[in-house]
Amino acid sequence: MKNQKVINVYQGLVIKFKDLIREHEIDHDDYQELVNWMDKLGKSGEIPLFMDVFFETHALQEMYKHVKGTEPTILGPYYIENTPVVENPGILPQRDDEPGDVLYFSGLVKDVDGNPLANTKIDMWQADANGEYSYFADDIPKDNLRGVFYTDENGYFEVKTVAPGNYSIPADGPTGNFLKWIDHHPYRPAHLHLLIQPENGDKLVTQIYFEGDQYLENDVAQGVRGTLITKLEQHAGAEKGLKNYYYTAHIDFELRLQDKPVFDKSIVDK
Ligand code: MBD
Ligand code: FE
């Protein structure tokens, strides 16, 4: 695979790096430290994490700066393909004693002209109430809080899950070290991940956030967009036969069917 734009970015990095070395009068010990840190980043498997935290959001903003509809945001490093298909309305796979507050999350999927999009595939994944993702934390069952469902004939879906917890990116590895050095906390606001694939059109990679979250303004990964914030509405549990209160959250999506492909395969020259 040869992608000239990617080559240009790497070449630009080499040039900028030389400038930085000169600007900061880097000596050989400094240089060795840099190499060691990069080596650790690679060996720890955190390169995707580091890239997604610091750069992915900018690539998406560049790509969508001139288009209307729901804004895309970071895919992040924790997406898993082909998780279980669940009913709509349905329940995201979860433990019998899944910790956290029950959340009924619903949405209406339309195109940018307001036409409902039936049979749209929605891939959803999220951290549990403790901020941990299945597949990336020990002792969480496979596919926990991950699933795929399809919108009904009105473009509507509803899925029962739990409210995601505040999320900290791993703080002990090379990415966490780097954040300490630059004096930044490792938190992201609580979020739901969605990958939305309409029958005819391009997919939308996005996330949902909630009003009042203390990290909306200073997300370590800068993934928050105004159109992606909704509200957690609290309800008395009795009406759903629950002992505790529960939440609902709703959001409308406006998908671009032709404006601009999300992944333009034509720029990749195999
Ligand atoms: C996440 O859960 C995430 O959503 C992003 C964007 C980066 C790191 C971890
Ligand atoms: Fe995430």
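This is a short walk through one structure, starting at its iron site and ending at its first helix.

Okay, so before anything else: this is a predicted model. Keep that in mind as we go.

Let's start with the metal. Which residues hold the iron ion (ligand 2)? Three donors turn up: Tyr133 through OH, and His191 and His193 each through NE2, at 1.9 to 2.1 Å. If you like to read sites off the sequence, the spacing is Y-x57-H-x1-H. Tyr133 sits in the loop between β3 and β4, while His193 is in strand β8 (residues 192-197), so that pair ties together parts that are 60 residues apart in sequence. Buried or exposed, you might ask, for Tyr133? Its relative accessible area is 3%, so Tyr133 is buried. His193 comes out at 4%, and counts as buried too.

Now the sheet behind those names. We have an open sheet of 5 strands, with mixed pairing, in the order β4-β3-β8-β9-β10. At the edges are β4 (146-150) and β10 (229-230), each pairing on one side only. Strand β3 (residues 121-126) runs antiparallel to β4, and 5 bridges join the two. One residue to click on there is Trp125, whose bridge partner in β4 is Arg146.

On to the rings. The structure holds 20 aromatic pairs. Take Phe50 and Phe54: their centres are 4.8 Å apart with 45° between the planes, a tilted pair. They are 4 residues apart in helix α3 (residues 47-63), so about one helical turn separates them. Both Phe50 and Phe54 are buried. Another tilted pair is Tyr79 with Trp125, at 4.7 Å between centres and planes at 45°. Tyr79 lies in the loop between α3 and β1 (90-91) and Trp125 is in strand β3, so here the link spans 46 residues of sequence. Trp125 counts as buried at 1% relative accessibility, whereas Tyr79, at 22%, is partly exposed.

Back to Phe50 and Phe54 for a second. They belong to one aromatic cluster with Trp37, Phe55, Phe178 and Trp181. Thr175, in helix α4 (residues 174-181), touches both of them; its contacts beyond four places in sequence also take in Leu41, Glu46, Leu49 and Ile169. With a relative accessible area of 0%, Thr175 is buried.

Last stop, helix α1 (residues 4-23). At 1.5 Å a residue its 20 residues should span 28 Å, and the end C-alpha atoms are 28 Å apart, so the two agree. Asn3 caps the N-terminal end, with a side-chain oxygen 3.0 Å from the backbone nitrogen of Lys5. Just after α1, Glu25 takes a positive phi of about 45°.

Key: Residues numbered from 1 in each chain as written. Chains lettered and ligands numbered in written order. Predicted model: local features only at pLDDT ≥ 70, side-chain atom pairs only at ≥ 80, totals over all residues. Heavy atoms only, no water. Buried < 20%, exposed > 50% of the residue type's maximum accessible area, 1.4 Å probe, protein only. Contact = heavy atoms within 4.5 Å. Expected span 1.5 Å × (residues − 1). Polar contact = N/O pair within 3.5 Å; in protein donor to acceptor, adjacent residues only side chain to side chain. Pairing = 2+ DSSP bridges. Donors = N, O, S within 2.8 Å, 3.2 Å for Na, K, Ca; no water. Phe/Tyr/Trp six-rings, centres within 6.5 Å; stacked < 30°, edge-to-face > 60°.
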